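User: I'd like to talk through this fold with you. Could you put it up so we can both look?

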Amino acid sequence: MKAAKIVYKPVGLALGAEGGMVAGVAFKQAWKTIGHDDDALDATDENRTWQEVLSAAGLQGAIFAVVKAAVYRAGTATTRRLTGTWPG
């Protein structure tokens, strides 16, 4: 295993945690913006329709995937700039 990959491991974990928090905030804001309650719905809420539950899950998944990709890509690009080696 390359040294850059080993060194990047804890950085990647920290970035992942930070990205998860950012994605959570982004999802809550997006959910409010499209005209829903302040809090995202719970999949086990019997008062919600399948369409509402699946729409919320799809939106949340898309936001998390985009944020995760952006955070990891920025982290690896920064590591390359600092060390000259791509950690992936």
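User: Let's start where helix 2 ends: which residue just after helix 2 takes a positive phi?

Analyst: Quick heads-up: this is a predicted model, where local features need pLDDT of at least 70, side-chain atom pairs count only at pLDDT 80 or more, and totals for chains, interfaces and linings use all residues. Residues are numbered from 1 along each chain as its sequence is written, and side-chain values use heavy atoms, with hydrogens and water left out. Helices here are DSSP runs (H or I, at least four residues), numbered from the N terminus. Right after helix 2, a positive phi of about 85° turns up at Gly-84.

User: And which residue with a positive phi follows helix 1?

Analyst: Helix 1 covers residues 3-33. The residue with positive phi that follows helix 1, near 95°, is Gly-35.

User: Back to the end of helix 2: is Thr-79 buried or exposed?

Analyst: Thr-79 sits in helix 2 and touches Tyr-8, Gly-84, Thr-85 and Pro-87, leaving aside residues up to four places away in sequence. Contact means heavy atoms within 4.5 Å. Buried means under 20% relative accessible area, exposed over 50%, partly exposed in between (1.4 Å probe, protein chains only). Thr-79 comes out at 14% relative accessibility, so it counts as buried.

User: What do the buried residues of helix 2 pack against?

Analyst: The buried set of helix 2 includes Val-53, Ile-63, Val-67 and Thr-79. On the other side, the buried residues of helix 1 include Tyr-8, Ala-23 and Trp-31, and their cover includes helix 2. The buried residues of helix 2 pack against helix 1.

User: What is the relative accessible area of Ala-23?

Analyst: Ala-23 belongs to helix 1. Setting aside residues up to four places away in sequence, Ala-23 touches Ile-63, Phe-64 and Val-67. Ala-23 is buried, with a relative accessible area of 0%.

User: At what angle do helix 1 and helix 2 pack?

Analyst: Axes are lines fitted to C-alpha atoms, for helices over the stretch in contact, and angles run from 0 to 180 degrees between N-to-C directions. The axes of helix 1 and helix 2 lie 8 Å apart, and the packing angle is about 145°.

User: Where does helix 1 bend?

Analyst: The bend at a residue is the angle between axes fitted to the seven residues ending there and the seven starting there. For helix 1 that angle is about 35°, with Pro-10 following within four residues, and the bend is at Lys-9.

Note on methods: Helices (H or I, at least four residues) and strands (E, at least two) are DSSP runs, numbered from the N terminus.
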